[in-house]
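Student: I should like to learn how individual features of a protein model are read. May we take them one at a time, with the general idea before the case at hand?

Tutor: Certainly; let us have the structure in view.

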Amino acid sequence: CCQRACADVESHAVVVLSDVGSPELSVSSELCSPGDPKQNVVTCHCRQVQIIVVGSPTDSAICHCKECQKWSGGLALALAYFPKSRVRIRGELLQFGTHSKYVSCASCGSHMLRTVPKRGDLYAVCAGTLAGEFSPSMHLHYSASVLSFYDGLPKFKNEPSVLGGSDEMAFFNYGLRSPLTHSVAGTCLCGAVK
C-alpha cells in the first residue's frame, strides 16, 4: 500500500527503496539554475523534503475525490499542476494510493504532491505548500463533494479533458450533499486505520 522513495536533486532521479515496482516519480534536469526568480521552493514541515517548481502552474483545482479526501483528512484537496519537466524533488518520500500516487514526507508526513494518472507528464503539487495566493480554476470530482461551493468555477463530474477526464459537468446542489449524522465512519487512504 505504500512505497518509500528517495529523490535526489543532484542526480535528478528518484530511487524506490522498496521492491514494490518501478518508481512513479521522476524529475528532469532541464530546470533553471538555483536562485532563479521563477522558481518556487516548496518544503515539508520538517524541511527534509524540498520540491522546486519552475514557473506558474498550468492549471489549478480543488479535488473532491474520495482518495483526496482520505489522504488530506479534509473535505477537498487544493492542487496546482506543473509539468514534470519543471519539477525537481529532493528528500525521502512515502507514496500511497490506488489511482493516483499521493506523496508525503517520510519524516513528518506533510502532504507534498500527487501524480495525475491520465496525464503522466504532470504532477499536482499541494497548493498549501506553495508560496503566494492560490486561485483555483475548477473543481474536480464535484459529485463526491461534501459541501457545495458558490464560487462560479466550473464543477466537473470527474476531470476536464486537459487532465484526461470526460469534460462532463457535475450537477449543482445547494447546501450539504448528504444529511449529517451523529456517527461518522471512514478509513485512511491505505485502509489500515478505520
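Student: How many aromatic pairs does the structure hold?

Tutor: This is a predicted model, and its features should be read as such. A pair of aromatic rings is described by two quantities, the distance of the centres and the angle of the planes. The structure holds one such pair. The ring centres of tryptophan 71 and tyrosine 102 are 4.9 Å apart and the planes lie at 50°, so the pair is classed as tilted.

Student: Which elements hold tryptophan 71 and tyrosine 102?

Tutor: Tryptophan 71 belongs to helix α1 (residues 66–72) and tyrosine 102 to strand β8, so that distant parts of the chain, 31 residues apart, are linked by the pair. Both tryptophan 71 and tyrosine 102 are buried.

Student: What is the overall pattern of elements along the sequence?

Tutor: The protein has one helix and eleven strands. In sequence order the pattern is β-β-β-β-β-α-β-β-β-β-β-β. Of the 194 residues in the protein, 42% are buried. Among contacts between residues at least 6 apart in sequence, 57% join residues at least 24 apart.

Student: Let us turn to a single strand. Are the residues of strand β4 buried or exposed?

Tutor: The general idea concerns the two faces: in a regular strand, side chains alternate between the two faces of the sheet. In strand β4 (residues 50–54), five of the five residues are buried, so the strand is largely enclosed by the rest of the structure. Gln50, Ile52 and Val54 point one way, Ile51 and Val53 point the other way, and all are buried.

Student: Which strands pair with β4?

Tutor: Strand β3 (residues 39–43) pairs with β4 in the antiparallel sense over five bridges. Strand β7 (residues 87–96) also pairs with β4 in the antiparallel sense, over four bridges. Glutamine 50 shows both pairings: it is the bridge partner of threonine 43, and its own bridge partner in β7 is arginine 90.

Student: What joins β3 and β4?

Tutor: The two strands form a hairpin with six residues between them. In the turn, arginine 47 has a positive phi of about 65°.

Student: How is the surrounding of one buried residue read? Where is methionine 112, for example?

Tutor: Methionine 112 lies in strand β9 (residues 111–115). Its relative accessibility is 0%, and it therefore counts as buried. Leaving aside residues up to four places away in sequence, methionine 112 touches a set of residues including Val42, Ile51, Trp71, Val103 and Thr129. Two of these names have already appeared: Ile51 points from β4, and Trp71 is a member of the aromatic pair. As for threonine 129, it is 17 residues from methionine 112 in sequence, while the C-alpha atoms are 7.1 Å apart in space.

Student: What does the side chain of serine 110 reach?

Tutor: Serine 110 is in the loop between β8 (102–105) and β9. Its side chain reaches the backbone nitrogen of histidine 45 at 3.0 Å. At 16% relative accessibility, serine 110 counts as buried because the cut-off is under 20%. Beyond residues up to four places away in sequence, the residues touched by serine 110 are Cys44, His45, Val103, Ser104 and Cys105.

Student: How many salt bridges are there?

Tutor: Side chains of opposite charge can pair when their charged atoms come close. Here the count comes to three. Aspartate 121 and arginine 119 form one, with the closest N and O atoms 2.8 Å apart. Aspartate 121 is partly exposed at 38% relative accessibility, and arginine 119 is partly exposed at 25%.

Student: Which residue forms a salt bridge with lysine 155?

Tutor: Lysine 155 pairs with aspartate 151, the closest N and O atoms being 2.9 Å apart. Lysine 155 counts as buried at 7% relative accessibility, whereas aspartate 151 is partly exposed at 34%. The charged end of lysine 155 also sits over the ring of tyrosine 142, 5.7 Å from its centre.

Student: Which side chains meet in a salt bridge at 3.6 Å?

Tutor: Those of glutamate 168 and lysine 157, the distance being taken from N to O. The two residues are eleven residues apart, each in the segment after β11 (139–140). Glutamate 168 is partly exposed at 40% relative accessibility, as is lysine 157 at 41%.

Definitions and conventions: Residues are numbered from 1 along each chain as its sequence is written. This is a predicted model: local features need pLDDT of at least 70, side-chain atom pairs count only at pLDDT 80 or more; totals for chains, interfaces and linings use all residues. Side-chain values use heavy atoms; hydrogens and water are left out. Buried means under 20% relative accessible area, exposed over 50%, partly exposed in between (1.4 Å probe, protein chains only). Contact means heavy atoms within 4.5 Å. A salt bridge is a side-chain nitrogen of Lys or Arg within 4 Å of a carboxyl oxygen of Asp or Glu. Two strands pair if DSSP finds at least two bridges between them. A polar contact is a pair of N or O atoms within 3.5 Å; within protein, one must be able to donate a hydrogen and the other to accept it, and residues adjacent in sequence count only if both atoms are side-chain atoms. Rings of Phe, Tyr and Trp (its six-membered ring) pair if their centres lie within 6.5 Å; planes under 30 degrees apart count as stacked, over 60 as edge-to-face and the rest as tilted. A charge sits over a ring if NZ of Lys or CZ of Arg is within 6 Å of the ring centre and within 35 degrees of the ring normal.
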